[in-house]
Amino acid sequence: MSPGLLKTLEHHVGEAIKRAIIGRHRRSGAVLFSDTTLRDGEQMPGATLEPDDKLQIALALEELGVHSLDAGFPASSTADVEAIRKMVGVVKKPVLTALCRTVKSDIDAADEALDGNPAHKRGVSLFCGTSPTHREFKLQKSESEILKIITDTISYASEKFAIIAFSPEDASRTEMKFLCECYREAIDAGATTIGFPDTVGVLTPDKARDFIRSIQDNVPNIEKALLAVHFHNDLGCAVANTLAGIAEGANVVQCTIMGLGERAGNASLEEVAMALDLHQDQYARTMKIDTTKLAPLCRLVSDLTGIPIAYNKPIAGANIFATEAGIHQDGLLKNPDTYLPFRPERVGEQGVELVLGRHSGRRAVEHRLSELELAVDKPHVMAILEAIKDLPKGTIVNEPILRSIYDQTATKEN
Ligand code: KIV
Ligand code: ZN
């Protein structure tokens with residue numbers, strides 16, 4: 001057999017294997033998590049990570065069970081190359097992908113950065129603006145020029161990579177007909193995943209659903225690729241939009257830990273994962289995320305980026321399993337399920353915290369005193385509660401304050 005024929009044969013076999021894997025993923029109904037904390041997350045002003053920090057987070061994401069990692073943008077920074085080099089051969093389970101513009105030199109930079117990882121664990125993620133605004137003002141290109149760029153660069157990437165994602169940047173403001181043409185061309189040229197980025201976070205869940213449904217219905221070769229969704233949070237809808245995408249059959253969700261990312265951030269991985277976990281009856285999709293690792297991972301990312309976790313941040317905020325309100329405290333003491341959507345252990349947290357303050361009730365005070373082995377009768381508890389209510393606004397009654405009130409009120413009783 002001539003070398004040319006052998007190469008063609010190898011190419012066809014490679015293509016058949018790739019499409020079989022895609023078909024298997026699509027049929028499995030699994031939601032694959034693609035984490036972009038190390039790339040889109042790091043784009044958040046002030047969230048810069050050193051290469052060693054990125055490696056630490058990547059290893060934790062591997063433990064969490066993500067399918068792929070958007071590991072960085074090699075053509076844009078040598079620090080990203082350094083971080084990716086540290087991950088190659090060390091972060092073994094997830095596919096490592098590198099971000100590229102639809103520019104051949106970006107693909108070469110990604111190829112070099114990911115050198116050493118096996119073909120099924122390395123990929124490129126290409127993006128090109130497709131909306132009228134991007135075409136006219138950013139790229140000064142016509143629709144047909146954009147289509148040619150997509151085809152040419154994906155064909156080029158196919159020579160070096162088996163895994164190729166293509167995202168039409170600003171997809172949510174792109175005309176549906178043109179958007180579907182971009183996807184069709186991209187898949188024909190060799191894209192194995194097509195992404196739907198809501199780049200400026202303008203969609204509502206209903207509109208996100210309509211978009212994903214139209215893409216599923218109008219991209220003729222969609223069966224040959226996975227569909228990924230990528231929502232930004234400018235309207236606070238990124239998680240809801242991601243869930244809407246899942247409901248319409250998206251295969252891959254691109255998210256970040258703590259929802260870090262450009263402007264208002266991206267869809268928060270921990271929130272999407274917990275919604276899927278809690279509502280299996282609704283979504284009927286499987287995932288490989290180990291939810292017990294979610295809250296500790298948020299803390300790790302917060303420590304390394306220096307971005308604090310808001311007190312009321314779902315899943316990982318300090319107040320998520322803490323309450324000061326008397327009725328809630330009483331209920332939680334009787335059974336934690338009365339006032340919790342899920343037990344703290346399910347996301348890797350320790351337990352419920354009953355905070356003593358102005359809104360607390362008798363049961364919580366009695367409970368805390370018994371933990372501290374301080375004996376108390378009913379009049380004494382009532383005196384302690386009165387004293388707590390007189391404290392300055394916002395005071396949290398920690399152990400020394402409670403002991404001091406206990407002693408003072410006990411003296412009065414005597
Ligand atoms: O939000 C976006 O459009 C992106 C692209 C690079 C895919 O992050
Ligand atoms: Zn983005």
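Student: How many residues of the shell around ligand 1 are nonpolar, polar and charged?
Tutor: In this predicted model, ligand 1 is surrounded by Arg 39, Asp 40, Phe 127, Ser 167, Glu 169, Pro 197, Thr 199, His 230 and His 232. Sorted by the character of their side chains, the residues of this shell divide into two nonpolar, four polar and three charged.

Student: What percentage of the accessible area of ligand 1 does the protein cover?
Tutor: Oxygen atoms of ligand 1 have polar side-chain atoms beside them, with a distance of 2.6 Å to an N or O atom of Thr 199, one of 3.0 Å to an N or O atom of His 232, and one of 3.1 Å to a polar atom of His 230. On its own, ligand 1 has 260 Å² of accessible area, and the part covered by the protein is 91%.

Student: Is Arg 263, which has a positive phi of about 55°, buried, partly exposed or exposed?
Tutor: Most residues other than glycine have a negative phi. Arg 263, although not a glycine, has a positive value, and its place is the loop between strand S8 (252-255) and helix H10 (269-278). Because its relative accessible area is 41%, which falls between the limits of 20% and 50%, Arg 263 is partly exposed.

Student: Is Ile 315, in the loop between helix H12 (294-305) and strand S9 (322-323), buried or exposed?
Tutor: Ile 315 also is a residue other than glycine with a positive phi, near 75°. Its relative accessible area is 6%, and because buried means under 20%, Ile 315 counts as buried.

Notes: Residues are numbered from 1 along each chain as its sequence is written. Chains are lettered from A and ligands numbered from 1 in the order in which they are written. This is a predicted model: local features need pLDDT of at least 70, side-chain atom pairs count only at pLDDT 80 or more; totals for chains, interfaces and linings use all residues. Side-chain values use heavy atoms; hydrogens and water are left out. A residue is near a molecule or strand if one of its heavy atoms lies within 4 Å of it. A polar contact is a pair of N or O atoms within 3.5 Å; within protein, one must be able to donate a hydrogen and the other to accept it, and residues adjacent in sequence count only if both atoms are side-chain atoms. Accessible areas come from the Shrake-Rupley method with a 1.4 Å probe; for residues, only the protein chains shown count as cover. Ala, Val, Leu, Ile, Met, Phe, Trp, Tyr, Cys and Pro count as nonpolar, Asp, Glu, Lys and Arg as charged, and the others, Gly among them, as polar. Helices (H or I, at least four residues) and strands (E, at least two) are DSSP runs, numbered from the N terminus. Buried means under 20% relative accessible area, exposed over 50%, partly exposed in between (1.4 Å probe, protein chains only).
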